[in-house]
Amino acid sequence: EVSVIVFDLDLRCVVVAGQTAAAPYSATAVVEGCLIADVFSAERWLFWEPLCRTAIGGGSNSVQVRGVDAARWYCVEVGPWHVGGVVAGGLAVARDITERKRAQDRVEGLVESAPDALVVADDRGVIVMVNGQTERLFGYDRDELLGNQVEMLVPKAEHRRHIERRSSYSAAPRFRKMGVGIELRGRRKDGSEFPVEISLSPLATDDGMLVSSAIRDVSERRV
């Protein structure tokens with residue numbers, strides 16, 4: 001279900017559509033003509049006011065928030081409302097993403113419990129999820145990995161070849177071991193390298209194809 005709130009430059013609601021329009025924001029009903037600040041708790045308004053003011057200034061933001069009942073999650077897109085090509089206020093479009101969020105939490109739980117390092121990347125090679133084993137194996141904190149290219153975990157001399165392999169895999173994704181018959185190496189934050197085994201698995205999601213890489217340090221086998 002989608003709900004929409006349109007507000008003017010004074011942050012006063014001019015249009016409210018959707019039966020659950022208030023759910024992401026306030027336990028108080030949001031009605032046309034009310035000031036948005038009047039229906040928020042002081043704590044929630046500290047979060048939402050900058051987003052609303054950015055919208056009437058012509059900017060946009062997308063956030064995921066828990067509803068006031070704490071049971072449901074919403075994706076809220078807040079942006080400018082144009083009338084005749086001029087910014088006349090802002091609008092907030094909220095979508096209930098509770099089921100997607102629960103599915104994501106289940107996936108993250110499975111990733112975190114895996115015995116090997118797991119790195120999940122999108123079709124551009126951007127890291128979107130890792131587990132604690134990845135942090136311990138490569139020496140990076142999670143925040144240092146998320147949003148960066150997976151090649152940061154590959155020796156620099158192998159970057160070009162790895163990008164070619166990644167592109168080839170994306171064209172025909174399937175479960176398989178990577179680099180059968182050749183030695184693959186990982187690169188830690190401190191620059192040290194070590195031999196690895198990698199198994200690739202495609203993950204189909206609402207946001208596109210992701211690739212999960214299970215990475216195992218096999219240094220002991222090479223001794």
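The following exchange explains how several descriptions of this predicted model are reached.

User: What makes strand 2 and strand 3 the edge strands of the open sheet?

Analyst: Five strands form this open sheet in the order 2-1-5-4-3, with antiparallel pairing. Strand 2 (13–17) and strand 3 (61–66) each pair on one side only, and they are the edge strands. From one strand to the next, the twist averages 20°.

User: How do you know that strand 1 and strand 2 pair?

Analyst: Two strands pair if at least two bridges are found between them. Strand 1 and strand 2 are joined by four bridges, in the antiparallel sense, so the definition is met. One of these places is Val4, whose bridge partner in strand 2 is Ala17. The two strands form a hairpin with four residues between them, and Leu11 in the turn has a positive phi of about 60°.

User: What joins strand 1 to strand 5?

Analyst: Seven bridges link strand 1 and strand 5, again in the antiparallel sense. Val6 has Leu91 as its bridge partner in strand 5.

User: Why is strand 1 called largely enclosed?

Analyst: A residue counts as buried when its relative accessible area is under 20%. Five of the seven residues of strand 1 are buried, and the strand is therefore largely enclosed by the rest of the structure.

User: How do you know that strand 4 pairs with strand 3 and with strand 5?

Analyst: The requirement is at least two bridges. Six bridges join strand 3 to strand 4 (residues 73–83), and ten bridges join strand 4 to strand 5, so both pairs satisfy the requirement. Val76 of strand 4 stands opposite Val63 and also opposite Ala94 in strand 5. Arg66 faces Trp73 of strand 4. The hairpin of strand 3 and strand 4 has six residues between the strands, and Ala70 takes a positive phi near 65° there. In the hairpin of strand 4 and strand 5, two residues lie between the strands, and Gly84 takes a positive phi near 60°.

User: Where does helix 2 lie in relation to the strands?

Analyst: Helix 2 (residues 42–56) lies across strand 1 (2–8), strand 3, strand 4 and strand 5 (86–96), and runs at about 160° to strand 3. Leu51 belongs to this helix. Beyond neighbours within four places in sequence, Leu51 is in contact with Asn61, Val63 and Val78. The C-alpha atoms of Leu51 and Glu77 are separated by 9.5 Å, although the two residues are 26 residues apart along the chain.

User: Why is Leu51 called buried?

Analyst: Its relative accessibility is 12%, and the cut-off for a buried residue is under 20%. Leu51 therefore counts as buried.

User: Why is the pair of Phe40 and Trp48 called tilted?

Analyst: Ring centres must lie within 6.5 Å for a pair, and planes under 30 degrees apart count as stacked, over 60 as edge-to-face and the rest as tilted. The centres of Phe40 and Trp48 are 6.3 Å apart with their planes at 40°, so the pair is tilted. Both residues are buried. Phe138 and Phe194 also form a tilted pair, at 5.5 Å centre to centre and 55° between the planes. Phe138 lies in helix 4 (residues 132–138) and Phe194 in strand 10 (residues 193–205), so this pair ties together parts that are 56 residues apart in sequence.

User: What makes the contact of Lys101 with Trp73 a charge over a ring?

Analyst: The distance limit is within 6 Å of the ring centre. The charged end of Lys101 sits over the ring of Trp73, 4.5 Å from its centre.

User: Which residues have the most contacts inside the largest nonpolar core?

Analyst: This core has 22 residues, and those with the most contacts inside it are Phe7, Ile36, Trp45, Trp48, Val76 and Val78. Strand 1, helix 1 (36–39), helix 2, strand 3, strand 4 and strand 5 give two or more residues each. Helix 2 gives the most, with six residues. Trp45 touches residues including Leu11, Ile36 and Phe40. Trp45 also forms one aromatic cluster with Phe40, Phe47 and Trp48.

Key: Residues are numbered from 1 along each chain as its sequence is written. This is a predicted model: local features need pLDDT of at least 70, side-chain atom pairs count only at pLDDT 80 or more; totals for chains, interfaces and linings use all residues. Side-chain values use heavy atoms; hydrogens and water are left out. Axes are lines fitted to C-alpha atoms, for helices over the stretch in contact, and angles run from 0 to 180 degrees between N-to-C directions. Contact means heavy atoms within 4.5 Å. Buried means under 20% relative accessible area, exposed over 50%, partly exposed in between (1.4 Å probe, protein chains only). Rings of Phe, Tyr and Trp (its six-membered ring) pair if their centres lie within 6.5 Å; planes under 30 degrees apart count as stacked, over 60 as edge-to-face and the rest as tilted. A charge sits over a ring if NZ of Lys or CZ of Arg is within 6 Å of the ring centre and within 35 degrees of the ring normal. A nonpolar core is a set of buried Ala, Val, Leu, Ile, Met, Phe, Trp, Tyr and Cys residues joined through side-chain atoms within 4.5 Å.
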